[in-house]
Amino acid sequence: MLGGLARPSPRIRATTWKDNRKGALSFTFDDGAAGAFRHGADCLDQAGLKGTFYIFSDTTKIYDFPIADSALVSAYRIRGFEIASHTLNHANLGTLTGEGKIDSVRSLLRQSKAELDARYRQNTLSLSIPYGSFRYETLDLIAETFATARSSRYGYNLATPLQMHALKSLPVLSTTSVEAVLAWVRNAEHYGSYLPLMYHEIAAEAFDPATAIYTYALPDLQRTIDSVLQHDLWVDTHENVYKYIRERNALTVETVATEDGTLQFMAEDGLPDSVFDVELTLWIPLPADWGEDSATLVRNDELVHVAVSEKAGNRWIFCNLPPDGSLISIHDGLYDPTLSAPPRIPSTASPLLLYPNPVASGELHFRAFLPSSGPCSIQVFDARGRLAYSSERGSQAAGTFESQIPTTGLASGLYTLLVRQGVDVLGTGSFLKIHP
């Protein structure tokens, strides 16, 4: 337990979906068709998206369309696509379970995972249940080997699915219109649900939709992708959506106050970090007495400056963090941890000419003398010694140096401007910022 006083609500929490999106969506492809990789995965990749491919680990499986070989699968695995299991040979798990062939089901599942793990050097977490056929006894068997499973039963998954081993999907067949798919997309956004779209083969050439029911036209997939990008949806692999759900639901946050006014907290999900490695999007309310338009987040000596959002007098920030128990510190405005007090000004520093002073808006001009050539930096501190602006100006010639800084983002008050070369403060001056 960290020392300090617990802050009152509102509490820090994880947003329902990554980046505070309204809903979540995964493009998933069953059966490992070669065209699904060559056309479907390539289409997603060009849009900056990743998808999930459920493949047979038995590559000798003969199906209605050519199956992707291991080299093609590996190429997309390296690019960040999820390679998941569709069992060893597409066996009907529900039928086998109903017939009491429990050992056969276990063997199909375990062998499939073991082969995919070895072949693609991964920890395979996801399964697509062949034919969407399962009994509740089957789900227990699946849970022995896989962390999550997606079925082919129609429906929507709410923000907190009740059964992570029977997530519903919406199959997209040759006869499924783009308009129908986009209606599903709009519903996922509206209701805040998770929508896995299920495709099979993707064809760039014309085909007969009446006979090739599990084939989908590439132009229609492209139209869907283009439209999805216009919606407020988090699009990622099924594996990453599953991880986010588990991490979000297990999250605990301990918040403490410190004497210097910073906000500190620890976010922990209690899950193995080696597996659950997706960053959570945290909503962090800020203290009422903070007034800057940005905040500085410090984690493991790394600094991130985050814009502050405000509505109806409430102020907050969003940030993506791994829930690994690290201590997080948040500071009002720009913050430099190497400066815990206003910088010491040496007697050798020359006074700077600053104009206009006071400054209401626009740019503040200044003139300094550089004793030698080289890069210089500009720093501005407020009356409390907090870094309000910094800029690197690159190599400059020795002699008179004239430049300017923007002041539009500065609040009203007294500021100190420093011109440095390395650690040496060459010039300093004070100016007053007023409202125009």
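Colleague: How many bridges join strand β23 to strand β24, and what makes the two a pair?

Modeller: This is a predicted model, and in it 7 bridges join β23 (residues 374-382) to β24 (residues 387-396), the two strands running antiparallel. Two strands pair if there are at least two bridges between them, and β23 and β24 have 7, so they count as paired.

Colleague: Which residues in β24 stand opposite Ile 378 and Pro 375?

Modeller: Ile 378 stands opposite Ser 391. The bridge partner of Pro 375 is Ser 395.

Colleague: What lies between the two strands of this hairpin?

Modeller: There are 4 residues between β23 and β24. In the turn, Gly 385 has a positive phi of about 85 degrees.

Colleague: Where do β23 and β24 sit in their sheet, and what makes a strand of that sheet an edge strand?

Modeller: The sheet is open, has 5 strands and follows the order β20-β27-β26-β23-β24, with mixed pairing. Its edge strands are β20 (350-351) and β24, since each pairs on one side only.

Colleague: Strand β27 covers residues 424-433 and includes Leu 432. Why is Leu 432 called partly exposed?

Modeller: The relative accessible area of Leu 432 is 34%. Buried means under 20% and exposed means over 50%, so Leu 432, at 34%, falls in between and is partly exposed.

Colleague: Which residues join Leu 432 in a nonpolar patch on the surface?

Modeller: The patch is formed by Leu 414, Leu 432 and Ile 434, with about 240 Å² of accessible area together. A patch residue needs over 30% relative accessible area, and Leu 432 meets that cut-off with 34%.

Colleague: How many salt bridges are there in the whole structure, and why is the contact of Asp 45 and Arg 79 called one?

Modeller: A search finds 16. A salt bridge needs a side-chain nitrogen within 4 Å of a carboxyl oxygen; for Asp 45 and Arg 79 the N to O distance is 3.1 Å, so the pair qualifies.

Colleague: What parts of the chain does that pair link?

Modeller: Asp 45 is in helix α1 (residues 34-46), while Arg 79 is in the loop between α2 (70-78) and β4 (82-85). The two are 34 residues apart. They also belong to a network of salt bridges that links Asp 45, Lys 50 and Arg 79.

Colleague: Why is Asp 45 not called buried?

Modeller: The cut-off for buried is under 20%, and Asp 45 has 22% relative accessibility, so Asp 45 counts as partly exposed. Arg 79 is partly exposed too, with a relative accessible area of 39%.

Colleague: What makes Glu 144 and Arg 110 a salt bridge?

Modeller: Their side chains meet at 3.5 Å, N to O, and the limit is within 4 Å, so the contact counts. Glu 144 lies in the loop between α5 (136-143) and β6 (148-150), and Arg 110 lies in helix α4 (residues 102-120).

Colleague: Why is Arg 110 not called exposed?

Modeller: Exposed means over 50%, and Arg 110 has 48% relative accessibility, so Arg 110 counts as partly exposed. Glu 144, at 41%, is also partly exposed.

Colleague: How many cavities of 30 Å³ or more does a search find, and which residues are closest to the centre of the largest cavity?

Modeller: The search finds 1. About 60 Å³ of space lies in the largest cavity. Of the 11 residues lining the largest cavity, Ile 55, Phe 56, Ile 67, Ala 68 and Val 73 are the closest to its centre.

Methods:
Residues numbered from 1 in each chain as written. Predicted model: local features only at pLDDT ≥ 70, side-chain atom pairs only at ≥ 80, totals over all residues. Heavy atoms only, no water. Patch = residues over 30% accessible without salt bridge, like charges linked within 9 Å, V, L, I, M, F, W, Y side chains within 5 Å. Areas by Shrake-Rupley, 256 points an atom, 1.4 Å probe, with all protein chains shown as cover. Buried < 20%, exposed > 50% of the residue type's maximum accessible area, 1.4 Å probe, protein only. 1 Å grid on protein atoms, 1.4 Å probe; cavity = no way out; pocket = protein on both sides within 12 Å on 5 of 7 lines; lining within 4 Å. Points joined across faces, edges and corners; volume = space filled by probe spheres on them.
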